[in-house]
Amino acid sequence: KPDFIHLKELSADIKVNPENICRNQDLNITNNTIGSTSSIWDFGDGSGSSDFNPIKSYSQLGKYTISYIASYNSICYDTIFKEVQVDSIKADFVASSNYVCQLPYEIAYVDKSVHAVSWNWKFGNGTVSPEQNPLVTIDRSLLLDKTNSLYLSDTLIVTSEFGCSDEIHIDSNIHISVPIVYFTPNNSIIYSDEIGGCAPLTINF
C-alpha cells in the first residue's frame, strides 16, 4: 500500500552561548532542530518553557543541565542536553579593625572574594584602590562631628575572568571615636583664687 508508512525526520539540535554566564545574564539559545512541532525545555533550576527559542537567565550560582525534548505531533521524540555554568564570583572582605580611637590609624583590608581577578575598592574616607588587599590610612583630615565621632562605609566591586562582577557594601563599617579630654587646674571653678601664686607653685589636675 503506497504511503502506508510515513517516516518523519526529527533531529534535536540546540546551541547555548556562552556556556559560562553571569547571574541574571540572558543565555543565548539557538534552536536548530529539524522536524519538531513542539518543544519541552527543562533548565535545571525548576523552570521550563515550551517556546521554540526561549529566553533564560539564572539568578543563582552553579552548574545547570539544560534538557530539550523535540516532539513531532507527540509521536516522535528526540532529546539533547547542554550544560551551563553560572559564574560563582562573590564579593566579600574583612577589615583588620572596625573601631578607631586615635588618628592617624592604618587599617588592613583583606579580600575574601571567590573567583575574583580584579578589585575596585571605594573607602569611606574618599580614597579608592585597585589592590587585592590594600592598606588604608585614616588621618586627621576627616571632619568629625561635635562628639568627635564618625562612621565610614566601604564598598568592594570584584570582577571574574569571564567579566562577571559582584559588589558588597558594608554600611558604617568603620567607627571612628576620638576621646575628648577636658581638665581644669585645681578645680578652678571652686578654687579660682588659687590658680595664681608665687613660684614654686603646685597645681593639681
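# Reading strands, rings and cores

Q: How many bridges join β11 to β14, and which way do these strands run?
A: In this predicted model, β11 and β14 run antiparallel and are joined by 5 bridges. One residue pair lets you find the place by eye, since K122 has T155 in β14 as its bridge partner.

Q: In what order do the strands of the open sheet come, and which strands stand at the edges?
A: The open sheet is formed by 5 strands in the order β9-β15-β14-β11-β12, with mixed pairing. β9 (99–100) and β12 (128–129) each have a single partner strand and stand at the edges, so one side of each is left without a neighbour in the sheet.

Q: Where can I see the parallel and the antiparallel sense in the pairs that involve β15?
A: The parallel sense is found between β9 and β15, which pair over 2 bridges, and there V100 stands opposite I176 in β15. The antiparallel sense is found between β14 and β15, which pair over 10 bridges, with V158 opposite D166 in β15. The hairpin of β14 and β15 has 5 residues between the strands, and in this hairpin G163 takes a positive phi near 85°.

Q: How is a pair of aromatic rings described?
A: The general idea is that such a pair is described by the distance of the centres and the angle of the planes. In this structure the count comes to 8 aromatic pairs. One of them is the stacked pair of W41 and F43, at 6.0 Å centre to centre and with 15° between the planes. W121 and F123 also form a stacked pair, at 5.6 Å centre to centre and with 15° between the planes. W121 and F123 belong, together with F93 and Y109, to one aromatic cluster.

Q: Are the residues of these two stacked pairs buried or exposed?
A: The cut-off to keep in mind is that buried means under 20% relative accessible area. W41 counts as buried because its relative accessibility is 3%, and F43 is buried with a relative accessible area of 2%. In the other pair, W121 counts as buried at 0% relative accessibility, and F123 counts as buried at 8%.

Q: Which charged end sits over the ring of Y58?
A: The charged end of K56 sits over that ring, 4.8 Å from its centre.

Q: Which residues have the most contacts inside the largest nonpolar core?
A: Y109, I138, I174 and I176 have the most contacts inside this core, which has 24 residues. Among the elements that give two or more residues to this core are β10 (105–111), β14 (149–159) and β15 (165–177). A second core, separate from this one, has 17 residues, including L10, V16, I29 and I66.

Q: What should I look for along a single strand, such as the one that holds S67 and A70?
A: The general idea is that in a regular strand the side chains alternate between the two faces of the sheet. Here S67 lies in strand β6 (residues 62–72), and A70 lies in strand β6 as well. S67 counts as buried because its relative accessibility is 15%, and A70 is buried with a relative accessible area of 0%. Leaving out residues up to four places away in sequence, S67 touches I40, W41, D42, I80 and F81, while the residues that A70 touches include L10, A12, C76 and Y77. A70 and T37 are 33 residues apart along the chain, yet their C-alpha atoms are separated by 7.6 Å.

Notes. Residues are numbered from 1 along each chain as its sequence is written. This is a predicted model: local features need pLDDT of at least 70, side-chain atom pairs count only at pLDDT 80 or more; totals for chains, interfaces and linings use all residues. Side-chain values use heavy atoms; hydrogens and water are left out. Helices (H or I, at least four residues) and strands (E, at least two) are DSSP runs, numbered from the N terminus. Buried means under 20% relative accessible area, exposed over 50%, partly exposed in between (1.4 Å probe, protein chains only). Contact means heavy atoms within 4.5 Å. Rings of Phe, Tyr and Trp (its six-membered ring) pair if their centres lie within 6.5 Å; planes under 30 degrees apart count as stacked, over 60 as edge-to-face and the rest as tilted. A charge sits over a ring if NZ of Lys or CZ of Arg is within 6 Å of the ring centre and within 35 degrees of the ring normal. A nonpolar core is a set of buried Ala, Val, Leu, Ile, Met, Phe, Trp, Tyr and Cys residues joined through side-chain atoms within 4.5 Å. Two strands pair if DSSP finds at least two bridges between them.
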